[in-house]
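Trainee: I would like to go through this model one question at a time. Please put the structure up.

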Amino acid sequence: PVQVGFTPDGAKVYVSLRDDNKVAVIDTKAKVVLARIDVGRNPIQVHATRDGRFVYVANQGTATEPADAVSVIETPTGKVVATIRTGAGAHGVATSTDGRYVFVTNIVAGTVSVINAESRTVVATFTVGRGPNGVTYKP
């Protein structure tokens, strides 16, 4: 396990299993693993949307073979409904408070990608310098 992300109601926690290329879904009350979902290579940070409908997973890859994608898990079904290409070494993830945008740090590329949550496309990329790690959104 590398990182965790809770649904807003705290009922489930999503845990990145980097070496398995999966995300585990845990019922926090029953303390049982409900599922292991296949995502991209070497998932790192996970972030649930404020409405709890989706979980965004940054797939970082390795230092020698960085990945460049974010997997979008639909929480009611437990399925990956989209894979969005960002930048090399996708690492940190945060969503805007209104849920319209997702921000992803790309640790190898030195950028932050902005994803439109509705269209599931990258709408902007900002160069921020070497090794951007985590990200937080504050309006």
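Trainee: In what order do the four strands of the open sheet stand?
Mentor: This is a predicted model, in which local features need pLDDT of at least 70, side-chain atom pairs count only at pLDDT 80 or more, and totals for chains, interfaces and linings use all residues. Residues are numbered from 1 along each chain as its sequence is written, and side-chain values use heavy atoms, with hydrogens and water left out. Strands are DSSP runs (E, at least two residues) numbered from the N terminus, and two of them pair if DSSP finds at least two bridges between them. The pairing in this open sheet is antiparallel, and the order is 9-10-11-12.

Trainee: Which strands stand at the edges of that sheet?
Mentor: An edge strand here has a single partner strand, so one side of it is left without a neighbour in the sheet. From one strand to the next the twist averages 25 degrees (axes are lines fitted to C-alpha atoms, and angles run from 0 to 180 degrees between N-to-C directions). The edges are held by strand 9 and strand 12 (121-127).

Trainee: How many residues of strand 9 are buried?
Mentor: Buried means under 20% relative accessible area, exposed over 50%, and partly exposed in between (1.4 Å probe, protein chains only). Strand 9 covers residues 90-95 and is mostly covered. The count of buried residues is six of its six.

Trainee: Which residue in strand 10 stands opposite Val 93?
Mentor: Strand 9 and strand 10 (residues 101-106) pair in the antiparallel sense over four bridges. They form a hairpin with five residues between them, and Gly 99 in the turn has a positive phi of about 80 degrees. The residue opposite Val 93 is Val 104.

Trainee: Over how many bridges do strand 10 and strand 11 pair?
Mentor: Strand 11 spans residues 111-116 and runs antiparallel to strand 10. One facing pair has Val 102 opposite Ile 115 in strand 11. The number of bridges between strand 10 and strand 11 is six.

Trainee: Which two residues form the aromatic pair?
Mentor: Rings of Phe, Tyr and Trp (its six-membered ring) pair if their centres lie within 6.5 Å; planes under 30 degrees apart count as stacked, over 60 as edge-to-face and the rest as tilted. The structure holds one such pair, and at 5.3 Å centre to centre with 15 degrees between the planes it is stacked. One partner lies in strand 10 and the other in the segment after strand 12, so the pair ties together parts that are 34 residues apart in sequence. The partners are Phe 103 and Tyr 137.

Trainee: Is Tyr 137 buried or partly exposed?
Mentor: Its partner Phe 103 has 17% relative accessibility and therefore counts as buried. For Tyr 137 the relative accessibility is 30%, so the class is partly exposed.

Trainee: Which strand supplies the largest share of the largest nonpolar core?
Mentor: A nonpolar core is a set of buried Ala, Val, Leu, Ile, Met, Phe, Trp, Tyr and Cys residues joined through side-chain atoms within 4.5 Å. The largest has 13 residues, and those with the most contacts inside it include Val 72, Val 93, Val 102 and Val 104. Strand 6 (54-61), strand 7 (66-74), strand 8 (79-85), strand 9 and strand 10 each supply at least two residues of this core. The largest share, three residues, comes from strand 6.

Trainee: What is the bridge partner of Ser 71 in strand 8?
Mentor: Strand 7 and strand 8 pair in the antiparallel sense over six bridges. They form a hairpin with four residues between them, where Gly 78 in the turn has a positive phi of about 75 degrees. The bridge partner of Ser 71 is Thr 83.

Trainee: What distance separates the C-alpha atoms of Val 80 and Asp 38?
Mentor: Val 80 is placed in strand 8 and, with a relative accessible area of 31%, is partly exposed. Leaving aside neighbours within four places in sequence, Val 80 is in contact (heavy atoms within 4.5 Å) with residues including Ile 37, Asp 38 and Val 39. Val 80 and Asp 38 are 42 residues apart along the chain, and their C-alpha atoms are separated by 7.9 Å.
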